[in-house]
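User: Could you take a close look at one part of this model and walk me through it in plain language? I'd like one connected story, with the reasoning spelled out where there is any.

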Amino acid sequence: MNNNLKLTWDLESIFPGGSASSEYLAYLDTLEQDLLKLKKDVNAAGAPTSLEETKPFDAVISSLGSCISRLSEGSAFVSCLQAQNQGDTKAVQLAGRITNLHALLNTIMTQFDDILGRTNDETWKAWMGRAEIHPIAFVLNESRDQAREKLSPELESLALDLAVDGYHGWSDHYDTVVSHVKIPFEVNGETVQLSAGQAHNKLYDADKEVRDAMFVKWKEAWADKADYCGDTLNHLGGFRLKLYERRGWDEVLKEPLAINRMSNATLDAMWSVIQDNKSMLLKYMERKAKLLGVEKLSWVDVDAPIGKVSTKVSYQEAAETIVEQFRKFSPKMADFAEMAFDKSWIEAEDRPGKRPGGFCTSLPVSKATRIFMTYSGTASNVSTLAHELGHGYHQHVMDDLPVFNQNYAMNVAETASTLAEMIVADAMVKKAGDEQEKLALLEDKIQRSVAFYMNIHARFLFETRFYEKRKNGLLSVQELNDLMEEAQKEAYCDALSAYEPTFWCSKLHFYITGVPFYNFPYTFGYMFSTGIYAQALQQGASFADKYDALLQDTGAMTVEELAKKHLNADLTGHDFWQSASDLLQQDIEEFLGMTEELA
């Protein structure tokens with residue numbers, strides 16, 4: 001690995017010139033022409049009535065796969081431009097064009113899926129049995145089934161076209177609102193204007209006075225934008241609900257469950273086990289409150305650090321630690337991470353103007369990824385870096401699969417990332433230099449469990465109830481605040497002294513239109529990866545290849561099938577989920593033992 005890693009990523013090797021790239025514009029022009037030709041070809045095609053008539057569709061499927069890959073590449077590039085500089089107005093314009101191309105592709109896919117849906121069963125069975133088609137049969141079967149539950153292709157296409165400036169337009173509007181959030185904060189006697197991302201980091205400061213001061217300013221800043229956010233959320237929800245109504249869908253979770261290829265029984269089993277195991281987290285939170293010298297934790301105390309890590313972790317040190325720990329689990333994963341660092345695939349610099357949060361985006365044409373985050377040297381930053389590299393590795397092992405089989409859902413995507421995070425966090429706890437450092441790292445690890453068991457649960461409860469109430473009309477800012485606080489109190493078992501009612505404003509995930517219900521897949525990913533990790537600990541080095549095989553199947557199976565094939569587990573029952581919770585129990589017991597004399 002390079003000894004002097006860059007904190008900024010390389011976008012020039014994808015398309016030189018950033019948002020002013022003439023090469024990128026030419027790329028989009030060619031892609032648009034190919035999409036228009038594909039649309040014409042699909043519109044002219046009829047449903048095949050014999051095996052012989054399915055063969056001309058090979059070219060259509062090949063072209064469709066090519067367009068999907070190239071649009072993903074183009075979309076990833078512009079999302080990187082927007083994230084690295086929220087003031088890049090040209091990037092915003094390019095994102096608008098990408099949205100239009102997505103709408104065009106979705107229209108084509110709607111028409112193509114309708115052809116699949118109208119194909120008679122006998123021809124369909126023969127078609128899926130062809131050697132050229134059989135590897136992607138799962139995805140095509142899925143598309144066929146979903147097409148039969150939607151509106152006519154004409155109406156679906158109309159809805160997709162209207163969504164560009166409606167549904168997705170409101171999501172873009174939210175990004176604009178966030179870009180205008182500036183929070184004044186005193187640093188070394190001087191008042192500076194922090195972006196939302198920079199201010200968010202202050203909520204986790206070791207100094208309680210800093211946390212509390214920022215919490216006040218944070219809520220004030222978002223309360224100032226609440227009317228804009230409220231309009232945005234209401235209209236996003238209204239659009240989605242109206243579309244569901246026209247399709248005849250009564251259950252708001254129908255689409256997100258289908259996208260995540262999981263059943264309601266699996267979701268219920270997971271939440272049930274989590275609810276049954278929250279009591280152990282309450283013991284941890286009570287102990288943490290004593291350690292912090294407060295009666296009950298407030299919202300910003302939940303993630304406050306305990307113990308002391310002697311120094312900040314440099315980016316170079318973080319990279320070396322991650323590669324070292326990955327190598328103990330899987331040499332292939334370590335090699336991938338090393339390549340990502342050396343090739344500058346990661347944007348980690350702490351500077352103004354960047355979007356808050358972190359992500360990993362895939363470049364399927366380049367067979368590469370790019371990772372975005374803001375690195376400031378904390379243990380949590382190291383975990384985030386490992387998390388995003390886990391996403392990158394997931395895509396890496398799927399690079400040579402058919403493009404249709406690379407479309408894995410968010411819940412299994414979060415499995416790969418969370419497992420990578422867990423490997424590093426576990427190792428950092430075990431190799432800690434002293435008791436204070438070990439305590440800090442162990443506590444940081446447990447904090448993430450609190451996020452998945454409680455914070456994400458609150459988001460799920462809020463969003464589920466929001467959609468039910470939204471069926472009856474617009475919700476006011478006060479109603480949204482009340483709904484959020486109610487969800488937080490329930491999810492945290494009313495164990496906090498102060499909550500964050502404007503969380504629905506500041507949390508980007510509620511405004512992402514590409515993935516409805518951007519919440520429970522996180523908890524699924526955490527629990528599923530923990531269950532996988534439990535098996536990995538039992539099986540040792542031989543598990544690495546099994547893990548790769550599991551990842552490669554994530555785009556071509558339901559999660560229930562995936563767990564049965566690779567883990568011999570039943571996700572609709574409680575045993576697998578409880579095995580995941582048992583590992584958390586061990587961490588909490590260790591934490592309580594280490595802090596018994598300190599409290």
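Analyst: First, a word on terms: a helix here is a DSSP run of H or I that is at least four residues long, and helices are numbered from the N terminus. Also keep in mind that this is a predicted model. By that numbering, S506 belongs to helix 20, which covers residues 503-506. S506 has a relative accessible area of 16%, and because buried means under 20%, S506 counts as buried. Leaving out residues up to four places away in sequence, the contacts of S506 are Y174, W218 and W222.

C505 is buried too, with 0% relative accessibility. If you're wondering about a disulfide there, the closest cysteine sulfur is in C229, 4.2 Å from the sulfur of C505. A disulfide needs the two sulfurs within 2.5 Å, so that gap is too far for a bond. In fact, searching the whole structure turns up zero disulfides. C360, for example, is in no disulfide, and its nearest cysteine sulfur, in C80, is 9.2 Å away.

Now for the part I'd like to dwell on: helix 21 and its partners. Helix 21 runs over residues 520-539. With 20 residues at 1.5 Å a residue, helix 21 should span 28 Å, and its end C-alpha atoms are 29 Å apart, so the two values agree. Helix 21 is mostly covered, with 17 of its 20 residues buried. Just past the end of helix 21, G540 takes a positive phi of about 75°.

What does helix 21 pack against? One partner is helix 24, with the two axes 8 Å apart and at an angle of about 80°. Since angles from 65 to 115 degrees count that way, helix 21 is roughly perpendicular to helix 24. On the helix 21 side, the contact uses F524, Y526, M527, F528, T530, G531, I532, Y533 and A534. Helix 24 answers with F576, W577, S579, A580, S581, L583 and L584.

Another partner is helix 12. Its axis comes within 11 Å of the axis of helix 21, and the two cross at roughly 70°. Helix 12 and helix 21 are therefore roughly perpendicular as well. Here T266, L267, M270, W271 and I274 of helix 12 meet F520, T523, F524 and M527 of helix 21. F524 and M527 turn up in the contact with helix 24 and in the contact with helix 12.

Helix 12 itself covers residues 264-276. Its 13 residues should span 18 Å at 1.5 Å a residue, and the end C-alpha atoms are 18 Å apart, so that agrees. The buried residues of helix 12 are T266, L267, A269, M270, W271, V273 and I274. Among the elements covering those buried residues are helix 11, helix 13, helix 18 and helix 23. Helix 21 and helix 24 are on that list too.

Zoom in on T266, which sits in helix 12. T266 is at 0% relative accessibility, so it counts as buried. Its side chain makes a polar contact with the side chain of E560, at 2.6 Å. Skipping residues up to four places away in sequence, T266 touches F524, E560, L571, T572 and W577. F524 is one of the helix 21 residues that meet helix 12, and W577 is one of the helix 24 residues in contact with helix 21.

Further along helix 24 you'll find I588. I588 is buried, with a relative accessible area of 1%. Setting aside neighbours within four places in sequence, I588 is in contact with M280, L281, Y284 and I446. The first three of these fall in helix 13 (278-292), while I446 falls in helix 18 (435-470). By contrast, I588 and L474 are 114 residues apart along the chain, with their C-alpha atoms separated by 42 Å.

To finish, here is a residue from elsewhere in the chain. Q198 lies in helix 9, residues 196-202, and at 17% relative accessible area Q198 is buried. A polar atom of its side chain lies 3.2 Å from the backbone nitrogen of S195. Not counting residues up to four places away in sequence, Q198 touches Q193, D350, R351 and P352. Q198 and R355 are 157 residues apart in sequence, yet 9.1 Å apart from C-alpha to C-alpha.

Conventions:
Residues numbered from 1 in each chain as written. Heavy atoms only, no water. Buried < 20%, exposed > 50% of the residue type's maximum accessible area, 1.4 Å probe, protein only. Contact = heavy atoms within 4.5 Å. Polar contact = N/O pair within 3.5 Å; in protein donor to acceptor, adjacent residues only side chain to side chain. Expected span 1.5 Å × (residues − 1). Axes fitted to C-alpha atoms, helices over the stretch in contact; angles between N-to-C directions. Parallel < 35°, antiparallel > 145°, perpendicular 65-115°, else oblique.
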